[in-house]
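Please look over the sequence and the structure before reading the notes that follow.

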Amino acid sequence: MLTVLTTVDSAEQAAALARTAVQARLAACAQVTGPVTSVYHWKGALETSQEWQVSFKTTASAYPALEARLTAEHPYDTPEIIATAVVRGSADYLAWVAAEVSAG
């Protein structure tokens, strides 16, 4: 199982990315958190902005399709898309994620 994280600049965009990924069975669930404050360099300037994080629960086999969907639908030129392996977890929850993603 993987947790995949991205950020966008509005709650509406975050909810839309979450809905489309789950509807397409590319993720078993997605959680939207925010706003968060992000500080970063962009095009030579130090930026500070409010963003909303979306955390997707998915499988390694579904990751390429999820990344492609996020890249295509993301409003940013260079979106943050980071996958982190889940090393351990509840067996029932991990089975549920696998079943939900493979049902698509």
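The points below cover two helices, one hairpin, a buried threonine, an aromatic pair and some backbone exceptions.

This is a predicted model, in which local features need pLDDT of at least 70 and side-chain atom pairs count only at pLDDT 80 or more, while totals for chains, interfaces and linings use all residues. Residues are numbered from 1 along each chain as its sequence is written, and side-chain values use heavy atoms, with hydrogens and water left out. Helices (H or I, at least four residues) and strands (E, at least two) are DSSP runs, numbered from the N terminus.

**Helix α1**
- Helix α1 (residues 11-23) has 13 residues that, at 1.5 Å a residue, should span 18 Å (the expected span being 1.5 Å times one less than the number of residues), and its end C-alpha atoms agree with this at 18 Å apart.
- Ala14, Leu17, Ala18 and Ala21 of α1 are buried, where buried means under 20% relative accessible area, exposed over 50% and partly exposed in between, with a 1.4 Å probe and protein chains only.
- Seen down the axis of α1, the buried residues fall within an arc of 100 degrees (taken from the directions from the helix axis to the C-beta atoms), so they line one face of the helix.
- The face turned away from that buried side carries the exposed residues Glu12 and Gln23, whereas the buried residues pack against β1 (2-8), β2, β3 and α2 (63-73), contact meaning heavy atoms within 4.5 Å.

**Helix α2**
- Tyr63, Leu66 and Leu70 are the residues given as buried in α2, and seen down the helix axis they fall within an arc of 65 degrees, so they line one face.
- Pro64 and Ala72 are exposed on the other side of α2, while the cover over its buried residues includes β1, α1, β3 and β4 (82-85).

**Thr6 in strand β1**
- Thr6 lies in strand β1 and is buried, with a relative accessible area of 0%.
- The side chains of Thr6 and His74 are joined by a polar contact of 3.0 Å, that is, a pair of N or O atoms within 3.5 Å of which, within protein, one must be able to donate a hydrogen and the other to accept it, residues adjacent in sequence counting only if both atoms are side-chain atoms.
- Beyond its neighbours within four places in sequence, Thr6 is in contact with residues including Leu17, Trp52, Phe56 and Ile81.

**The β2-β3 hairpin**
- Strands β2 (residues 29-42) and β3 (residues 45-58) pair in the antiparallel sense over 12 bridges, pairing requiring that DSSP finds at least two bridges between two strands.
- Cys29 has Lys57 of β3 as its bridge partner.
- The hairpin has 2 residues between the strands, and Lys43 takes a positive phi near 50 degrees there; Lys43 is exposed, with a relative accessible area of 69%.

**Other backbone exceptions**
- Most residues other than glycine have a negative phi, and most peptide bonds are trans.
- Arg25, which is not a glycine, has a positive phi of about 60 degrees; Arg25 is found in the loop between α1 and β2 and counts as partly exposed at 31% relative accessibility.
- Gly34 and Pro35 are joined by a cis peptide bond with omega about 0 degrees, and Pro35 is found in strand β2.

**The aromatic pair**
- The count comes to 1 aromatic pair, under a rule by which rings of Phe, Tyr and Trp (its six-membered ring) pair if their centres lie within 6.5 Å, with planes under 30 degrees apart stacked, over 60 edge-to-face and the rest tilted.
- The rings of Tyr93 and Trp96 have centres 5.6 Å apart and planes at 35 degrees, so the pair is tilted.
- Tyr93 and Trp96 are 3 residues apart in helix α3 (residues 91-102), separated by about one helical turn.
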